Amino acid sequence: MSPESADWVPVARLVDLGARDRALVHVNGTEIALFRVGERIYAIHNRCPHRSGPLVRGFLEGGPAIRCPMHGWRYDLTTGESDRPARATVYPVRVEGDEISVRL
Amino acid sequence: MELSRVDNLIADEYRFLVAERAGWSLVAGPQDLELVAHALRVLLHTHALGDFRDEYRALVACQHADGGWAPESAEPESTVWVSAFSALMLIRGNRVLAEDGLAASVRRAIDYFLAAQESDGRWVDPRWADLDTTSHPVSFFNVVLALDERHRRAEVEHAWRRGLGFILEHQTAEGGWHDANFHPSGVEITAHLIQDALVGDLVLGERVPGIRESCRKGLAKLRDWQAADGSWDDENVDHTMDCVRSSIVVTRILGDDRATTGAIERGLAWILANKNPRGWGDFPGLETNLERTCDGIDALCKYRAFRAVDPEAAVRLWVYVP
């Protein structure tokens with residue numbers, strides 16, 4: 001195993017995303033929300049920087065972006081940027097076969 | 001719902017909140033003021049604020065020179081939403097505490113909101129939707145007017161009316177409110193707007209034409225949005241608590257109706273079924289947080305008043321009736 005591949009942590013399988021195209025996984029105590037938009041998978045820290053709302057329960061929008069279910073703050077799933085005074089952490093995602101991995 | 005169960009839960013959760021005081025106490029150090037205001041509201045509704053006089057003084061101490069507060073007590077920049085919540089807790093708390101320092105702080109807050117209002121009647125806060133933000137100074141001014149605070153009275157009335165006008169202009173034909181940027185579902189914002197802004201006018205003498213019908217339509221929309229299990233907004237604990245509380249005050253002022261009473265009972269039953277052993281989280285299964293726990297205690301206190309013989313008991317918890 002190369003040092004690079006050692007950085008990737010397998011967290012879920014595609015089937016785990018279910019009909020709502022999302023899943024919550026825990027990696028070393030960190031909550032990560034996974035979303036499927038089209039053919040791509042995105043990973044973002046699950047807790048909204050505003051009031052810790054669970055983004056995995058949020059509203060998926062074009063962009064792609066996720067809108068927090070608590071107070072509606074919106075985060076770009078590619079960059080973590082928001083139009084509000086906050087930025088969410090996003091993680092690189094790799095899909096090999098059915099396996100989804102993220103790099104912390 | 002058995003009232004003895006409600007009373008026991010209020011007592012248990014209040015003890016929990018007091019045991020966690022370091023997590024919300026301004027006397028203990030800098031705090032998130034949104035959480036502090038939630039806690040002070042519990043102290044008001046459990047009639048415990050006399051034991052926490054220092055907390056109200058500490059809130060005055062972190063007020064800025066412009067009369068506002070910041071989301072974090074140690075931050076320098078005032079924002080509208082948290083300033084309105086803080087000012088509301090001070091004017092209400094000072095009905096019991098009767099301190100000159102608190103009264104002066106309330107007057108400075110009035111100055112802040114008069115200065116911060118936009119030309120079209122709205123108030124703006126980068127953290128909240130404009131409609132939601134606007135409802136909070138309007139709610140504060142509802143109480144300012146209900147308690148007959150005289151500071152800059154004519155200007156307050158004018159600003160209050162313009163704020164209400166901004167909200168009414170944006171109500172949809174079916175009765176709800178939406179905000180594409182913050183509240184696509186419309187549930188939370190509708191609950192906030194009718195309880196924190198519109199309904200106060202009915203008690204103040206129905207000075208704004210058409211407001212009774214706006215409240216009735218908003219309440220009906222809330223009922224439409226309730227899920228079969230009693231929750232609102234995809235099992236959102238916060239929004240379900242908002243909808244239950246909003247339905248309580250609106251139906252008490254408009255006059256009881258069986259459909260809303262049923263919605264309140266189902267909503268409260270869902271809230272209790274999805275409670276953690278101590279406190280509440282934001283969604284079923286999530287860890288307890290103090291803000292949601294404060295909301296839970298507040299919802300129980302308002303439900304307790306809703307079940308009282310006196311039909312104005314619940315409305316007094318918003319102080320639209322002094």
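Helices here are DSSP runs of H or I with at least four residues, and strands are E runs of at least two, both numbered from the N terminus. Counted in this way, the secondary structure of chain B comes to 13 helices and zero strands. The model is a predicted one, and the description below takes the two chains in turn before it reaches the contact between them.

## Overall make-up

Chain A has one helix and 10 strands, and the order from the N terminus on places the helix ahead of the strands, as α-β-β-β-β-β-β-β-β-β-β. In chain B, by contrast, the run of elements from the N terminus on is α-α-α-α-α-α-α-α-α-α-α-α-α.

The dimensions of the two chains, taken from the C-alpha atoms, are set out in the table.

| Chain | Residues | Radius of gyration | Value for a compact globule | Extent along principal axes |
|---|---|---|---|---|
| Chain A | 104 residues | 13 Å | near 13 Å | about 40 × 30 × 20 Å |
| Chain B | 322 residues | 18 Å | near 20 Å | roughly 50 × 45 × 40 Å |

For chain A, the radius of gyration of 13 Å agrees with the value near 13 Å that a compact globule of 104 residues would have. For chain B, the radius of 18 Å likewise agrees with the value near 20 Å for a compact globule of 322 residues.

## The strands of chain A

Four strands of chain A form an open sheet in the order 2-3-4-8, with antiparallel pairing. Strand 2 (22–27) and strand 8 (90–91) of chain A stand at its edges, and each has a single partner strand, so one side of each is left without a neighbour in the sheet. Strand 8 of chain A is joined by two bridges to strand 4 (residues 40–45) of chain A, and these two strands run antiparallel. Within this pairing, V90(A) in strand 8 of chain A is the bridge partner of I44(A).

Another open sheet in chain A holds three strands in the order 5-6-7, again with antiparallel pairing. Its edge strands are strand 5 (59–61) and strand 7 (74–76) of chain A, each of which pairs on one side only, and the twist from one strand to the next averages 25 degrees. Three bridges join strand 5 of chain A to strand 6 (residues 65–67) of chain A, the two running antiparallel, and A65(A) in strand 6 of chain A is the bridge partner of E61(A).

Strand 9 (residues 93–96) of chain A and strand 10 (residues 99–103) of chain A pair in the antiparallel sense over four bridges, with V95(A) standing opposite I100(A) in strand 10 of chain A. These two strands form a hairpin with two residues between them, in which G97(A) takes a positive phi near 65 degrees.

## Helix packing in chain B

Helix 2 (residues 33–45) of chain B and helix 4 (residues 80–97) of chain B pack at an angle of about 25 degrees, with their axes 9 Å apart. Angles under 35 degrees count as roughly parallel, and helix 2 of chain B and helix 4 of chain B are therefore roughly parallel to each other. Helix 2 of chain B passes helix 4 of chain B in a left-handed crossing. The contact is made by L33(B), E34(B), A37(B), L40(B), R41(B) and L44(B) of helix 2 of chain B, together with V82(B), F85(B), S86(B), M89(B), R92(B) and G93(B) of helix 4 of chain B. By class, the contact of these two helices has seven nonpolar, two polar and three charged residues.

In a further pair, the axes of helix 8 (residues 187–203) of chain B and helix 9 (residues 211–225) of chain B come within 10 Å and cross at roughly 150 degrees. That angle makes helix 8 of chain B roughly antiparallel to helix 9 of chain B, and the crossing of the two is left-handed. Among the residues in contact are V187(B), I194(B) and L202(B) in helix 8 of chain B, and I211(B), L219(B) and W225(B) in helix 9 of chain B. The residues of this contact divide into 12 nonpolar, three polar and three charged.

## Contact between the chains

The contact between the chains takes 12 residues from chain A and 13 residues from chain B. On the side of chain A that touches chain B, the classes are five nonpolar, four polar and three charged residues.

Definitions and conventions. Residues numbered from 1 in each chain as written. Chains lettered and ligands numbered in written order. Predicted model: local features only at pLDDT ≥ 70, side-chain atom pairs only at ≥ 80, totals over all residues. Axes fitted to C-alpha atoms, helices over the stretch in contact; angles between N-to-C directions. Parallel < 35°, antiparallel > 145°, perpendicular 65-115°, else oblique. Left-handed = near helix turned anticlockwise from the far one by under 90°. Contact = placed C-beta atoms within 7 Å. Nonpolar A, V, L, I, M, F, W, Y, C, P; charged D, E, K, R; others polar. Pairing = 2+ DSSP bridges. Rg over C-alpha atoms; globule rule 2.2 N^0.38 Å.
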